Amino acid sequence: MGTITTKDGTEIYYKDWGSGQPIAFSHGWPLSADAWESQMFFLAAQGYRCIAHDRRGHGRSSQPWTGNDMDTYADDLAELFETLDLKNVVMIGHSTGGGEVARFIGRHGTQRVSKAVLMGAVPPLMLKTEANPEGLPIEVFDGFRAAFLADRSQFFLDLASGPFFGFNRPSVKVSQGLINSWCMQGLMAGYKNAYDCIKAFSETDFTEDLKKFDVPTLIIHGDDDQIVPIGASALMSAKLVKNSILKIYPGGSHSLGDTSKEQLNTDLLEFVKS
């Protein structure tokens, strides 16, 4: 575990477990590297070097007033790769982190990257527009912002208790521990950073970034993802990323790393080894 300081003075915290080919994990909003611990532990035990950072403004990284946008998130990750001199990296991104992976490849290419995984990821664009009729209306994200400002703690509790893990579905076993962990991670994020990130993950168009992917890419999505609906995300991304592999988890939630942990770990290991 350590930190780097970016060019604009932001301190980025990261975990660095194991040795071997590097696998870099990018977490979702408003979480931290802790969201990937199950996958990191599993893959590090299989002989890989697993690295996960807390995005600026999240977790244990510092909370700058500015730079809470996808370009800067991608540039921060590029600085981490350069500092650690990572090569032949498998990049894995969940939700907002999938956008970070896409923008990284769009801005910095794949010189240091061997493969990519987008899981429950926001690309190509979450927002409904004339060109993206399958997206979600801006009112959805305005509602996020309003609920955040009204009572961030309750908003986070409601998200974690319901749609994020799919705990609002009938006959689903609810884990209070997962809910508590999600809320704890979320509340570690800077207030303005987490607020600004709603715009970053919902309104950034990654279409051109996805067209630049030139490494083997695995796209994984649950067909019951209530946060990032599959129709406007994975199904479209799979058409934009050349020769990508699409895996759909029937009944899968947004948080497959928790609710479909064993299947995800198996699929990730198979892809990394392939």
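**Helix α1 and the aromatic contacts of W29**

On one side of helix α1, F41 and A45 are exposed. The picture flips across the helix, which spans residues 37-45 in this predicted model: here Q39, M40 and L43 are buried. These three take up an arc of only 100° around the axis, so they end up on the same side of α1. Several elements help to cover the buried residues of α1, including β2 (11-17), β3 (22-26) and β4 (49-53), along with α9 (256-259) and α10 (261-273). Just past the end of α1 comes G47, with a positive phi of about 100°.

Next, the aromatic rings. Searching the whole structure turns up 17 aromatic pairs. In one of them, W29 and F155 have ring centres 6.4 Å apart and planes at 50°, which makes the pair tilted. Since W29 sits in the loop between β3 and α1 while F155 belongs to helix α4 (residues 138-161), the pair ties together parts that are 126 residues apart in sequence. W29 is buried, at a relative accessible area of 6%, and F155 is buried too, at 10%.

W29 also forms a tilted pair with F201, at 5.5 Å centre to centre and 55° between the planes. This pair again links distant parts of the chain, given that F201 lies in helix α6 (residues 191-203), 172 residues from W29. Both W29 and F201 are buried.

Rings meet charges as well. The charged end of K192 sits over the ring of W65, 4.5 Å from its centre, and R55 lies over the face of Y73, 5.4 Å from the ring centre.

Key
Residues are numbered from 1 along each chain as its sequence is written. This is a predicted model: local features need pLDDT of at least 70, side-chain atom pairs count only at pLDDT 80 or more; totals for chains, interfaces and linings use all residues. Side-chain values use heavy atoms; hydrogens and water are left out. Buried means under 20% relative accessible area, exposed over 50%, partly exposed in between (1.4 Å probe, protein chains only). Helices (H or I, at least four residues) and strands (E, at least two) are DSSP runs, numbered from the N terminus. The arc is that of the directions from the helix axis to the C-beta atoms. Contact means heavy atoms within 4.5 Å. Rings of Phe, Tyr and Trp (its six-membered ring) pair if their centres lie within 6.5 Å; planes under 30 degrees apart count as stacked, over 60 as edge-to-face and the rest as tilted. A charge sits over a ring if NZ of Lys or CZ of Arg is within 6 Å of the ring centre and within 35 degrees of the ring normal.
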